[in-house]
Amino acid sequence: MEQKKLLIITYYFPPAGGPGVQRWLKFVKYLPEFDVQPIVYVPENPTYPIVDEGLVSEISDKVIVLKNQIWEPYQLASVFSKNKTKKISSGIFPQKKKQTFLDKTFLWVRGNLFIPDARVFWVKPSVSYLEKYIQENNIDTIVTSGPPHSLHLIGLELQKKLNVKWFADFRDPWTTIGYHKALRLSSYAAKKHKNLEHKVLNAADEIIVTSKTTKTEFQAITNKPITVITNGYDVETVEKQALDSKFTLAHIGSFLSDRNPPFFWEVLVELLQEVPEFKNHLEIKLIGAVSQEVLDAIKEHQLNDYLNLVGYVSHKEAVAHQRKSQVLLLIEINSEDTKSIIPGKLFEYMVSNRPIVAIGPQGSDFADIVTQTNTGVFFDYSEKAKLKSVILDFFNQFLEGKLQSHGIGLQQYSRKNLTKQLADLVKK
């Protein structure tokens, strides 16, 4: 039987690092097993805030990769401040009260001049390039993956011109994503974002989202079919790891300013004061980009002596840290707007055999997953006493050499099973 061709339009693909690349890298890996030929369209010269060359070797040899030139204003902005440009393109913004004039200028320009985002200049050349390719190769189904949500505008134009079936995949929400309010949007810009979101959601043939809250949110905007396909975990070839000798509380990934939980640092300070052995074993291990506000909070709580600031590591090294750390930290911003966010690393955490301390707003989608899979404990920002009790319990289990998680029902989140859902959807 001839394989179905699926054109996937995405910005993040190896050598891009970070969480945004994993979803479609893994879908592409397994789609051929379900009789779908993946054709991936990516920028030829992107400005990736994080690069992980090790991921290039994970690209399936059965995928066709198309590349086309992109012009991004980040390339120009980096002339003024390479560091600020890199942070903003990563979604790491300084807190409002600490923003310099240059910070405010960069954010205003990003939010008001480049709508929906700074990759919008790739839309026209991509439509021109892909229109010809689609016709020459008899492709009838495309997927656009955002953010950046400007890629959905490519799908919108191709659908108009060629009448292809178009799936719009939202790895994150659009106008309700946490950092959207930080962009200093004018009323005109905010309205334009809303209008583009409405247009995409009502034009796409089908919509794919990663959480049930995003599905509910979008159902208020469109009557188009919406399917939830979460992120997941893959089989990772990492050598067996010896557990850290210290009681390591490890956060892996970007530790943004707004994710800084004061009550968590307070709990650690209290345990250091009340439990004599705690100070001999505690280590706060931070892997990935960490905002200055988080580092300042650690210093203010006099926890610097316990800090191990590892910095960015490759995905393979990150997985190794997940498996050898004593406890894994998952922290989301305390906001209504972040209830729908299910961090991709959650699923890798779940199969690491290490207990998770998950912190987020009450009613978070990832709270249900952590609880149902028995892989850790969820806390909202009001549950300081509960958090303190659980960390002390984990510490005592660590001293006894018995600390581990006992996950259940994890197979439903395997990348292969999730890809089958996707393949069934695009072939129907």
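# Working through a predicted fold

The largest nonpolar core in this predicted model has 65 residues, and those with the most contacts inside it are Leu 7, Ile 9, Leu 130, Ile 134, Ile 154, Leu 158 and Phe 170. Helix H6 gives the most to this core, with six residues. A second, separate core of 36 residues includes Phe 255, Val 275, Leu 286 and Val 390. As general background, nonpolar side chains in soluble globular proteins tend to be buried together.

## Exercise 1: Get the overall picture

Work out how many helices and strands the protein has, and what percentage of its residues is buried.

**Solution.** Start with the secondary structure: there are 16 helices and 13 strands. Then turn to burial, where the cut-off is under 20% relative accessible area. Buried residues make up 56% of the 428 residues. Finally, check how far along the chain the contacts reach. Take the contacts with a separation of 6 or more; residues 24 or more positions apart account for 75% of them.

## Exercise 2: Look around Leu 7

Find which residues Leu 7 touches, not counting residues up to four places away in sequence.

**Solution.** Leu 7 is one of the residues with the most contacts inside the largest nonpolar core. Go along the chain and list its partners: Ile 39, Tyr 41, Leu 66, Leu 130, Ile 134, Ile 139, Thr 141, Ile 142 and Val 143. Now compare that list with the core residues: Leu 130 and Ile 134 turn up in both.

## Exercise 3: Classify two helix pairs

Decide how H6 is oriented relative to H7, then do it again for H1 and H16.

**Solution.** Two packed helices are described by the angle between their axes and the distance between the axes.

*Step 1, H6 and H7.* H6 (residues 150-162) and H7 (residues 187-203) pack at about 50 degrees, with their axes 10 Å apart. Roughly parallel needs an angle under 35 degrees, and roughly perpendicular needs 65 to 115. H6 and H7 are therefore oblique to each other. The crossing of H6 past H7 is left-handed.

*Step 2, who makes the contact.* H6 brings His 152, Leu 153, Leu 156 and Gln 159, while H7 brings Leu 196, Lys 199, Val 200 and Ala 203. Sorted by class, that's five nonpolar, two polar and one charged residues.

*Step 3, H1 and H16.* H1 and H16 (residues 415-427) pack at about 80 degrees, with their axes 9 Å apart. That makes H1 roughly perpendicular to H16. On the H1 side you'll find Gln 22, Arg 23, Trp 24, Lys 26, Phe 27 and Tyr 30; on the H16 side, Arg 415, Lys 416, Leu 418, Thr 419 and Leu 422. The class tally for H1 with H16 is five nonpolar, two polar and four charged residues.

## Exercise 4: Check the backbone

Locate the cis peptide bonds at Pro 15 and Pro 148, and place the positive phi values of Asp 35 and Gln 302.

**Solution.** Take the prolines to begin with. The bond from Pro 14 to Pro 15 is cis, with omega near 20 degrees, and Pro 15 sits in the loop between strand E1 (4-9) and helix H1 (22-30). The bond from Pro 147 to Pro 148 is cis too, with omega near 0 degrees; Pro 148 lies in the loop between strand E4 (141-146) and H6.

Next come the phi angles. Asp 35 has phi near 60 degrees and belongs to the loop between H1 and strand E2 (36-43). With a relative accessible area of 31%, Asp 35 is partly exposed. Gln 302 has phi near 55 degrees in the loop between helix H11 (292-300) and strand E10 (307-311). At 69% relative accessible area, Gln 302 is exposed.

## Exercise 5: Pack H14 and place Lys 62

Identify the buried residues of H14, then say whether Lys 62 is buried or exposed.

**Solution.** In H14 (residues 365-372), Asp 365, Phe 366, Ala 367, Ile 369 and Val 370 are buried. They pack against helix H8 (212-219), strand E11 (327-331), helix H13 (345-350), strand E12 (356-359) and strand E13 (376-379). Just after H14, Asn 374 takes a positive phi of about 60 degrees.

Now for Lys 62, which is in the loop between E2 and strand E3 (64-68). Its relative accessibility is 52%, so Lys 62 counts as exposed. Lys 62 still touches Pro 32, Gln 37 and Pro 38, leaving aside residues up to four places away in sequence. The C-alpha atoms of Lys 62 and Tyr 30 are separated by 9.7 Å, with the two residues 32 apart along the chain.

Note on methods: Residues are numbered from 1 along each chain as its sequence is written. This is a predicted model: local features need pLDDT of at least 70, side-chain atom pairs count only at pLDDT 80 or more; totals for chains, interfaces and linings use all residues. Side-chain values use heavy atoms; hydrogens and water are left out. Axes are lines fitted to C-alpha atoms, for helices over the stretch in contact, and angles run from 0 to 180 degrees between N-to-C directions. Helices (H or I, at least four residues) and strands (E, at least two) are DSSP runs, numbered from the N terminus. Angles under 35 degrees count as roughly parallel, over 145 as roughly antiparallel, 65 to 115 as roughly perpendicular and the rest as oblique. A crossing is left-handed if the near helix is turned anticlockwise from the far one by less than a right angle, and right-handed if clockwise. Contact means heavy atoms within 4.5 Å. Ala, Val, Leu, Ile, Met, Phe, Trp, Tyr, Cys and Pro count as nonpolar, Asp, Glu, Lys and Arg as charged, and the others, Gly among them, as polar. A nonpolar core is a set of buried Ala, Val, Leu, Ile, Met, Phe, Trp, Tyr and Cys residues joined through side-chain atoms within 4.5 Å. Buried means under 20% relative accessible area, exposed over 50%, partly exposed in between (1.4 Å probe, protein chains only).
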